[in-house]
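Let's take a walk through a protein model and see who pairs with whom. Have a look at the structure first, and then we'll go through it piece by piece.

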Amino acid sequence: MPYELQELAAISGMPGLYRLVRAARHGVLVESLDEKATRTLAPARNKVSLLSEISIYTQDPEQTVPLTEAFERIYKTHGATAPVTSKSSEGELTDFMASVIPDYDRDRVYLSDIKKLANWFGIVSKHVPYQEAAADEAQEESTDVAPKAKRKSAKADTEPTADEPLSTGGLIPEADEAPEAQGNPEAAAAAKKPRKKAE
């Protein structure tokens with residue numbers, strides 16, 4: 001993926017984007033994604049939307065384009081700066097969206113969504129480094145194995161909290177994998193005994 005969006009979020013009632021720091025008793029401690037990098041507490045009543053879990057509707061009801069992929073398309077088409085802003089005309093915004101996702105759903109993707117997309121891309125491209133495609137392809141090839149394993153090890157070290165917004169994808173098969181990892185203790189003991197006698 002070109003931009004790492006896992007820890008980035010939009011929070012209702014709070015302008016801009018934020019990096020999640022840690023869960024707190026009455027909300028989430030966040031850091032503003034700007035030059036000041038101000039830390040503040042986002043109250044639990046505010047909705048936290050992870051950018052990595054946001055997708056854009058297409059004309060195929062079975063398919064959406066993840067925000068990460070949309071950001072990559074914008075970068076490849078327009079570079080690190082989007083050609084539109086929230087003040088651009090309706091025609092400029094729709095042309096921009098069509099250049100990024102030609103089959104986007106014109107009925108369910110509103111002008112406000114396109115403005116938000118351009119605004120978020122501007123913030124992310126300014127404060128998050130773009131990863132090259134070679135690294136991206138290597139990650140895509142191991143999507144079903146490596147990231148899930150990393151999530152498991154990370155989750156094992158900490159207790160999940162009730163207000164943790166992260167997805168649990170990849171954790172369910174853990175119980176099924178455990179028996180395969182266990183060996184035969186009798187076979188291991190039998191293999192060691194002859195070595196001791198030979199010495």
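## A salt bridge to start with

Find R108 and D105: their side chains meet in a salt bridge, with 3.1 Å from N to O. Keep in mind as you look that this is a predicted model. How do the two partners sit, buried or exposed? D105 is buried, with a relative accessible area of 12%, while R108 is partly exposed at 35%.

Salt bridges can also link up. Those that share partners join R19, E31 and R39 into one network. The total count of salt bridges comes to 6.

## Two salt bridges along helix 1

Helix 1 covers residues 67-78, and it's a good place to see how spacing works. E69 forms a salt bridge with R73, and their closest N and O atoms are 2.6 Å apart. Why does the spacing matter here? E69 and R73 are 4 residues apart in helix 1, so about one helical turn separates them. Both are in between when it comes to exposure: E69 is partly exposed, with a relative accessible area of 33%, and R73 is partly exposed too, at 27%.

Now try E72 and K76, whose side chains also meet in a salt bridge, this one with 3.1 Å from N to O. These two are again 4 residues apart in helix 1, which means about one helical turn lies between them. Their surroundings are another story, though. E72 counts as buried because its relative accessible area is 12%, which is under the 20% cut-off. K76 counts as exposed because its value is 56%, and the bar for that is over 50%.

## E31 and its company

Back to E31, one of the members of that network. You'll find E31 in strand 3, which spans residues 27-32. E31 is buried, with a relative accessible area of 16%.

Which residues does E31 touch? If you skip its neighbours within four places in sequence, E31 is in contact with L17, Y18, R19, V21, A37, T38 and R39. So R19 and R39, its network partners, are both on that contact list. With R39 there's also a side-chain to side-chain polar contact, at 3.2 Å.

## Strand 1 and its two partners

Strand 1 runs over residues 8-11, with L8 and A10 pointing one way and A9 and I11 pointing the other. All four of these residues are buried.

On one hand, strand 1 pairs with strand 2 (residues 14-24) in the antiparallel sense, over 3 bridges. Here L8 stands opposite R19 of strand 2, and that's the R19 you met in the network. The two strands form a hairpin with 2 residues between them, and G13 in the turn has a positive phi of about 80°.

On the other hand, strand 1 is joined by 3 bridges to strand 5 (residues 48-50), and these strands run antiparallel as well. In this pairing, I11 stands opposite V48.

## The buried side of helix 2

Last stop: helix 2, residues 90-100. Its buried residues are L93, F96, M97 and V100. Where do they lie around the helix? They cover an arc of only 95° around the axis, so they end up on the same side of helix 2.

And what covers them? The cover includes strand 6 (55-57), helix 1 (67-78) and helix 3 (111-127). So helix 1, where you saw E69 bridged to R73, turns up again as part of that cover.

Definitions and conventions. Residues numbered from 1 in each chain as written. Predicted model: local features only at pLDDT ≥ 70, side-chain atom pairs only at ≥ 80, totals over all residues. Heavy atoms only, no water. Buried < 20%, exposed > 50% of the residue type's maximum accessible area, 1.4 Å probe, protein only. Polar contact = N/O pair within 3.5 Å; in protein donor to acceptor, adjacent residues only side chain to side chain. Contact = heavy atoms within 4.5 Å. Pairing = 2+ DSSP bridges. Arc of directions from axis to C-beta. Salt bridge = Lys/Arg side-chain N within 4 Å of Asp/Glu carboxyl O.
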